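I wanted to look up two things in this entry, a small piece of the strand pairing and the surroundings of the ligand. My notes follow in the order in which I checked them.

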Amino acid sequence: MYDYIIIGSGIVGSLIARELSKYDVSIMVFDKENDFASHQTTANSAIIHSGHDPKEGTLKARLCVEGNRLYDQLEKELEIPLLRTGAFVVAHGPKEEKMLEELYDRAHNNGVPDVHFLDPEDIFKQEPRLIKTITKVLSLPSTKVTYPWEVAFASLENAVKNGASIRRNSHVVAITKDRDHFLVELKDGTSWQTKRIINASGVMSDIVASLLDKDVQFQIIPRRGEYMVLDRRVKDTFHHVIYPLPTSRGKGVLIVPQVHGNILLGPTSEVIDDREDASTTKEGILYIKEQLHYLSDQIPFEWTIRGFAGVRATSTYDDFYIQESKYYPGFYHVAGIDSPGLTSAPAIARYLVEEVIKINQPKKINYDPIRQKKLFFNQLSEDEKSIRVKDCPSHGRIVCKCEKITEQDIIESIHGPLGNDTVKGIKKRARAGSGLCQGGYCESMVLQIIAKETNKPLSTINYDGEHTPILVKETKTHEHD
Ligand SMILES: Cc1cc2nc3c(=O)[nH]c(=O)nc-3n(C[C@H](O)[C@H](O)[C@H](O)COP(=O)(O)OP(=O)(O)OC[C@H]3O[C@@H](n4cnc5c(N)ncnc54)[C@H](O)[C@@H]3O)c2cc1C
């Protein structure tokens, strides 16, 4: 019997697992997908927001500002990437400047540090490509950018180091209450006993809640956001996260520099029926381009290398819903975690454990907060590169030419602490296929390396989920007499 089962390995479930692993308790994390952190945590803007936007007095406001601060600690403990960009919210003319002043008051009331205004001279000195109709900017220096799924992976890795268990391909399909414990049933037919359950299942959180709870107080309204990705060759075109003024539909279409040098443009905001429909559309691209006229007339769209979409777990409850079930004590819902959920996640984990669960177990004396990041070949010094190539020739074989990823980087990602044997899993871990050609050159080699390292036939290697092979049948065969 576990003390805690966490349903969902997104950024929220992963950081909750890490927070709980500080205590003397047993923990299991289930995720239904073939890889961890595959939904909202993989497809978002990657911004660690300052906290200027959520309504005063809400959990979103408090946990966003706290979460932003906690990322500085995560950077040291988990060696996650953080790019300290700062952000600009722009206004055009007197009416918008007035709205910007209201936003300043909100940011100030929420406790956002160092907020200040910039005049045109400073604005265009710092961001020469912004459109010249901008008259005033609210500068938010505490805004940063991260690599979201690496934060989730690092947190899970660290939780496992401190005793937690994790399991993918583990779809929770039923929950029952049996006297002093819960029974959690998976699609594969296994069932697991636990004293407490944490529902961190993102866009599925109302469905998971209703597996047991018959009076669920929130409902998820899935809202898709589409993006365009610019190649990292445009790295120096924009330096800050650029926001328009927020509206009731969210923070609008943004320009976001990324930790690896790419620039993200988006997201859109569209209510959809299918909760997991992360497809991109022509209308989405046109909308992004149209909205960006408001921010800049010098965006290098010709460097677009990819589009993607994520689905927000927006809920009918007008805030994060972080509560114990009224009818089933020990069943905790961490739901409706849409933006700024990535930012808030470290603070959500702490808030849940300390203020909602009010944990009374002792902290472990041997808890180790440190996760050491594996350095890829392209991050080493020239001397170290030579030593490694001499030791092991696969360090010297470049597979992904765009991102300079070696065969050994891929092998180590397959066998790493949270190893994976899919093409997308390797892309997420080693960035093979993330560059200009988007895997056109290296994907077949990645497939072959996975097949060799896992001892499986090529035709069974999946792109992402189970049963998503890339090679389905031979296209050229020798005909024999
Ligand atoms: C377009 C977009 C842009 C965003 N931009 C930002 C931003 O810039 N900054 C920011 O702070 N926030 C942003 N967010 C919000 C942020 O991404 C989310 O709040 C955060 O990722 C939520 O994490 P999560 O762990 O709750 O959910 P998820 O990452 O969705 O994880 C939920 C997990 O639960 C699993 N699961 C579901 N059902 C089951 C089941 N029955 N059994 C087992 N497992 C199950 C899923 O497979 C999934 O892995 C954005 C979101 C989107 C979609």
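Entry on the sheet. In this predicted model I looked up an open sheet of three strands, and I read its order as β3-β8-β4 with antiparallel pairing. I noted that β3 (47-48) and β4 (82-83) stand at the edges with a single partner strand each, so one side of each has no neighbour in the sheet. I then followed β4 to β8, residues 144-146, and found two bridges joining these antiparallel strands, with Leu83 standing opposite Val145 in β8.

Entry on the ligand shell. I counted the surroundings next, and 40 residues surround the ligand, the closest being Asp31, Thr41, Ile47, Ile337 and Thr343. By character, I sorted the shell into 16 nonpolar, 19 polar and five charged residues. I also asked where the shell comes from: α1 (11-20), β13 (223-230), β18 (304-312) and α8 (341-356) each supply at least two of its residues, while domain 1 (2-41 + 149-219 + 316-356) and domain 2 (87-141 + 221-312) each give at least three.

Entry on backbone contacts. For Val12, I found a backbone N or O atom 3.1 Å from an oxygen atom of the ligand. Lys32 places a backbone N or O atom 3.1 Å from a nitrogen atom of the ligand, and for Ile47 the distance from a backbone N or O atom to a ligand nitrogen atom is 2.8 Å. Last, I checked how much of the ligand is covered: taken alone the ligand exposes 1000 Å², and the protein buries 98% of that.

Conventions
Residues numbered from 1 in each chain as written. Predicted model: local features only at pLDDT ≥ 70, side-chain atom pairs only at ≥ 80, totals over all residues. Heavy atoms only, no water. Pairing = 2+ DSSP bridges. Helix = DSSP H or I, 4+ residues; strand = E, 2+ residues; numbered from the N terminus. Near = heavy atom within 4 Å. Polar contact = N/O pair within 3.5 Å; in protein donor to acceptor, adjacent residues only side chain to side chain. Areas by Shrake-Rupley, 256 points an atom, 1.4 Å probe, with all protein chains shown as cover. Nonpolar A, V, L, I, M, F, W, Y, C, P; charged D, E, K, R; others polar. Domains from an automatic or database assignment.
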